[in-house]
Amino acid sequence: MDTRAPRLPYPYAWWVDEALGSELPREHRATCSDCIMLKAEGHHPDPEHGQPFNPATKCCTYYPYLPNYSIGLLLTSGAGELEVGTAAVRHNIRQRIGCTPLGIDGPPGLQLSYERSRDDIFGVDARFMCPYLITGANPHCGIHPYRDHVCATYFCKHDRSMLDLDFWLSVRAMFRTAKKALATRCVLELCPDSEVLDLLFLSDGMPSKVRGRQLSAWIDSDGHLSADTSRRLWGRWYGKEEEFFALCGDRVKALGWKEVRALAGPGLAVLEHRARKALARLQHPDIPPRLKWVGSGPQFVIDRDRFTQGTTIVTPLHRHDFVAIPTRAFDVLEGFDGSESTDAVIDRLRTSRGVELDRSLIRQMVDLGVLEEVEDGEPLEPPFTPDRLTPQARLRFSRVAHLASQIGFDEGGRATVTLQLGFKEIEFDEPDLLEFGRQLAIHKNGFLAEEATHWALGGATLSWEKVSELLEALCSEGILKVV
Ligand code: SF4
Ligand code: SF4
């Protein structure tokens, strides 16, 4: 959320070079000290995708979960400029707000509202302002060198769209795993009392979260723990919480990345590998030699001439970012069908359509996922046409990893099945299609088209006409594909 030095908070800043083997990329478009989201050019033209941010909060409408060792490092830093942020942390410790030997977590009530309406709250609603934000004409982080790993890996805009996003999410996953292992280790070494461990950890060994209401028996929605609960959670450290946190900081300060890796186990090594791979992709400036047009898909939204005539806006999953390109250029991108080299397609489009495609625009479209690399020898996927949808056709979701499904009720109390694939949402509310929607989610990895005629309750069947009509619509939208 803030790109002032150090690039990552401690202790991660000490380890990142070794973990990634290379420097972190810069995000020049997230101009934190002169926040882009407070300027007209930073706002998405569609209010549904993003409102102007609140100058009082910028993107700090988030309650970080500070682990025990980060609190210790902050409390013992002695840095004068962190006085206000340190006082806010001390306030939470003294008032027993979300404060356990694992760290300081956000209040459950706040978290619940946040999860329900995240898109309306983020960057806008001052009620969700981080308690460590120093307010004023230029709001800034009061605990910057020790802030949360989520804050340090969030950027409202990226230089290289989805490639950057993928990289930062991998770094976030890597440090989240390290954070759990380190915070747990500190508790085990310093506070191994049986009752404390029983209360602080779930039956699968994962740390209990205050915000997840896993400590809900004793916590109010503001995150306050009663004196009795605190006594039980803190055991021998009750009343000496700051001393405990400082010892956690000392322990973690003494570790090198190799030791962190050994502590966190093979899962961290896998995430480290992913982050390195994502970074290598990001550092590769070349345009792939062969490209294909992905078409409309759930991973981005295309608004063709909707906001300004002659301009197409492409919005990636990361909805505060967007790219505006001339519609004239956007309309010829379908010419990339993977059958010829990228240079040959550029030449062909110049001659046949009279459009000169700038290589930087092609690079942007690759970064967004609008154009995709075709590997050597990779068979070309034919575009969807209704004649490919036979009863024997095998179908699957185009982006399985982005699929989420939910069974719920609409405002009238009718049952619904909702499938969300990136930006696209499909709701089934007709009673005879609820089972169809449910089975669709279950069969996300693949099914024969004719199988779907049996996706009805009580042994009933759906007609092939009805099923093929639904499947055809989903294929045309790029949600399903024939494989
Ligand atoms: S919204 Fe946040 S990340 Fe984006 S420029 Fe402003 S402070 Fe930086
Ligand atoms: S910890 Fe700092 S960067 Fe993170 S939300 Fe709070 S004020 Fe913003």
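This report describes two groups of strands in a predicted model, together with a helix that lies across one of them.

## The three-stranded sheet

Three strands, in the order E7-E8-E9, make up an open sheet in which the pairing is antiparallel. Strand E7, covering residues 300-304, and strand E9, covering residues 323-326, stand at the edges with a single partner strand each, so one side of each is left without a neighbour in the sheet. From one strand to the next, the twist averages 20°.

Within this sheet, strand E8, made of residues 311-316, runs antiparallel to E9 and is joined to E9 by four bridges. As for individual positions, threonine 312 is found opposite isoleucine 325, a residue of E9.

## The helix across the sheet

Helix H15, which spans residues 359-368, lies across E7, E8 and E9, and the direction in which this helix runs is at about 135° to E9.

## The hairpin of E12 and E13

Further along the chain, strand E12 (residues 403-409) and strand E13 (residues 415-421) run antiparallel and are joined by seven bridges. One residue pair in this arrangement is glycine 408 and threonine 416, the latter being the bridge partner in E13. Between the two strands of the hairpin there are five residues, and in this hairpin glycine 413 takes a positive phi near 85°.

How many of the seven residues of strand E12 are buried? The count is zero, and strand E12 is accordingly described as hardly covered.

Note on methods. Residues numbered from 1 in each chain as written. Chains lettered and ligands numbered in written order. Predicted model: local features only at pLDDT ≥ 70, side-chain atom pairs only at ≥ 80, totals over all residues. Pairing = 2+ DSSP bridges. Axes fitted to C-alpha atoms, helices over the stretch in contact; angles between N-to-C directions. Contact = placed C-beta atoms within 7 Å. Buried ≥ 20, exposed ≤ 12 C-beta atoms within 10 Å, placed from the backbone.
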